[in-house]
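Colleague: I would like to learn how to read a model like this one. Could you take me through it feature by feature?

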Amino acid sequence: MILLVGLCLAVMTFLHWVLEPLEFVITPVLQFSWIPWILLLVGVWLFAAPVNEDSL
């Protein structure tokens with residue numbers, strides 16, 4: 001029984017110290033909150049490109 005309690009405490013410690021920071025990092029990615037920033041950077045990159053005179 002003591003071994004079971006110790007095992008439960010070890011698993012809970014692992015979940016707390018490893019998975020909670022991972023969840024903190026992955027949550028914005030899964031909520032797609034980074035997509036507007038990527039679109040903004042791509043848009044700035046496209047409009048900041050020099051215009052080729054031959055293409056006009």
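Modeller: We go from the whole chain to its helices and then to two residues. The model is predicted, so local features need pLDDT of at least 70 and side-chain atom pairs count only at pLDDT 80 or more, while totals for chains, interfaces and linings use all residues. Residues are numbered from 1 along each chain as its sequence is written, and side-chain values use heavy atoms, with hydrogens and water left out.

Colleague: How many helices and strands does the chain have?

Modeller: Helices (H or I, at least four residues) and strands (E, at least two) are DSSP runs, numbered from the N terminus. Here there are two helices and zero strands.

Colleague: What does the radius of gyration say about the chain?

Modeller: That radius is taken over C-alpha atoms, and the globule rule is 2.2 Å times the number of residues to the power 0.38. For a compact globule of 56 residues the value would be near 10 Å, but this chain has 24 Å. Its C-alpha trace spans about 80 × 15 × 10 Å along the principal axes.

Colleague: What percentage of the residues is buried?

Modeller: Buried means under 20% relative accessible area, exposed over 50%, and partly exposed in between (1.4 Å probe, protein chains only). Buried residues make up 0% of the 56 in the chain.

Colleague: How is the length of a helix judged, and what span does α1 reach?

Modeller: The expected span is 1.5 Å times one less than the number of residues. Helix α1, with 29 residues, reaches 39 Å from its first C-alpha to its last, close to the 42 Å expected. Helix α2 (residues 35–47) has 13 residues and reaches 18 Å, close to the expected 18 Å. The number of buried residues in α2 is zero, so this helix lies largely in the open.

Colleague: Where does α1 have a kink?

Modeller: The bend at a residue is the angle between axes fitted to the seven residues ending there and the seven starting there. In α1 a kink of about 35 degrees lies at L19, shortly before the proline P21. After α1 comes F32, whose phi is positive, near 60 degrees.

Colleague: Which class of exposure does I26 fall into?

Modeller: I26 is found in helix α1 (residues 2–30). With 35% relative accessibility, I26 counts as partly exposed. The C-alpha atoms of I26 and A48 are separated by 31 Å, and the two residues are 22 apart along the chain.

Colleague: And is L39 buried or exposed?

Modeller: L39, in helix α2, is exposed, with a relative accessible area of 58%. Its C-alpha atom and that of E20, 19 residues apart along the chain, are separated by 29 Å.
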